[in-house]
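The following exercises introduce a reader to one structure by way of selected residues and the contacts between them. Please study the sequence and the model before working through the solutions.

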Amino acid sequence: MGLKREKLSHLHFYFHDIVSGKNPTAVKIAEAAVTNRSATGFGLMAMIDDPLTVGPEANSKIVGRAQGMYAQASINDIGLLMVLNFVFVEGKYNGSSLSVLGRNSVMSIVREMPIVGGSGLFRFGRGYVQAKTHTFDFKTGDAVVEYNVYVFHY
C-alpha cells in the first residue's frame, strides 16, 4: 500500500463561522418544529464553508476551509453534532483533508472532537482536535474558534 512510517503532526489555525451579513459562511438548512421554542435551538442544522486562517483576524491568510455541517443535537445544553472536512489549500498540506465527526459542547472552554479519517498527506489520519472559542459576537452570532489539531498519519 506504499505506507511509510507513521508520524504525528500538530496544526494550529482559526475557524471563522460567519452567520451574519451579505456573505455568510454558515447558513441554516433545516430546523425542527420545536427549534424556535427550544432554549438550546434543538433541531437546527447549518451547512458551512468556513475559512481556516493563520491568525484570528478576518483578513488573516487562508490556509483551508471547514466544509460540512453542524446540528444542534442536545435538548438540555448547546451541544453540536459536527460533521466537517478541513480542506487545506496552502503549503505542504495543500490538497489534503481531515474529517472530523463528534460533539462540540460549545459552552465548555476547550472542546475535543475525534478525527475519523483524512486524504492526501493525511491518508489513514486519526487523532483529535481541540476547539476553543476566541471571540463570539452575541449580536450577530459570528464566531472565531481556535483549533489545535493532533493527527497521526503516514
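## Exercise 1: Val63 and its surroundings

Val63 is found in strand β4, residues 62-72, where strands (E, at least two residues) and helices (H or I, at least four) are DSSP runs numbered from the N terminus. The model is a predicted one, in which local features need pLDDT of at least 70 and side-chain atom pairs count only at pLDDT 80 or more, while totals for chains, interfaces and linings use all residues. Residues are numbered from 1 along each chain as its sequence is written, and side-chain values use heavy atoms, with hydrogens and water left out.

Task: determine whether Val63 is buried or exposed, and which residues it touches.

Solution. Step 1: the relative accessibility of Val63 is 18%, so Val63 counts as buried; buried means under 20% relative accessible area, exposed over 50%, and partly exposed in between, with a 1.4 Å probe and protein chains only.

Step 2: apart from residues up to four places away in sequence, Val63 touches Phe13, Leu52, Thr53, Val54, Val87, Phe88, Val89 and Glu90, a contact being heavy atoms within 4.5 Å.

Step 3: one of these partners, Val89, is 26 residues from Val63 in sequence, yet their C-alpha atoms are 5.5 Å apart in space.

## Exercise 2: Ala26 in strand β2

Task: locate Ala26 and describe its surroundings.

Solution. Step 1: Ala26 belongs to strand β2, which covers residues 26-30.

Step 2: Ala26 counts as buried because its relative accessibility is 4%.

Step 3: with residues up to four places away in sequence set aside, Ala26 touches Asp17, Ile18, Val19, Met47, Ile48, Asp50 and Tyr70.

Step 4: from C-alpha to C-alpha, Ala26 and Ala46 are 6.2 Å apart, although 20 residues separate them in sequence.

## Exercise 3: Two buried acidic residues

Task: state which side chain of opposite charge is nearest to Asp50 and which is nearest to Asp17, then find a polar contact for Asp50 and for Asp17.

Solution. Step 1: Asp50 is in strand β3, residues 45-53, and Asp17 is in strand β1, residues 7-17.

Step 2: Asp50 is buried and has no salt bridge, its nearest side chain of opposite charge being Arg65 at 6.4 Å. A salt bridge is a side-chain nitrogen of Lys or Arg within 4 Å of a carboxyl oxygen of Asp or Glu; Lys and Arg count as positive and Asp and Glu as negative, while His and the chain ends are not counted.

Step 3: Asp17 is also buried without a salt bridge, and Arg111, the nearest side chain of opposite charge, is 9.7 Å away.

Step 4: the side chain of Asp50 makes a polar contact with that of Thr25 at 2.5 Å, and the side chain of Asp17 makes one with that of Tyr70 at 2.8 Å. A polar contact is a pair of N or O atoms within 3.5 Å; within protein, one must be able to donate a hydrogen and the other to accept it, and residues adjacent in sequence count only if both atoms are side-chain atoms.

Step 5: beyond four places in sequence, the residues in contact with Asp17 include Asp50, Ala26 and Gly141.

## Exercise 4: Salt bridges

Task: state how many salt bridges the structure holds, and examine three of them.

Solution. Step 1: there are five salt bridges in the structure.

Step 2: Asp49 and Arg65 meet in a salt bridge of 2.9 Å, N to O. This pair links distant parts of the chain, with Asp49 in strand β3 and Arg65 in strand β4, 16 residues apart. Asp49 is partly exposed, with a relative accessible area of 32%.

Step 3: Glu90 forms a salt bridge with Lys61, and their closest N and O atoms are 3.4 Å apart. Glu90 lies in the loop between β5 and β6 (97-105) and Lys61 in the loop between β3 and β4, so the pair ties together parts 29 residues apart in sequence.

Step 4: Arg103 and Asp77 form a salt bridge with closest N and O atoms 2.9 Å apart. Because Arg103 lies in strand β6 and Asp77 in the loop between β4 and β5, the pair ties together parts 26 residues apart in sequence.
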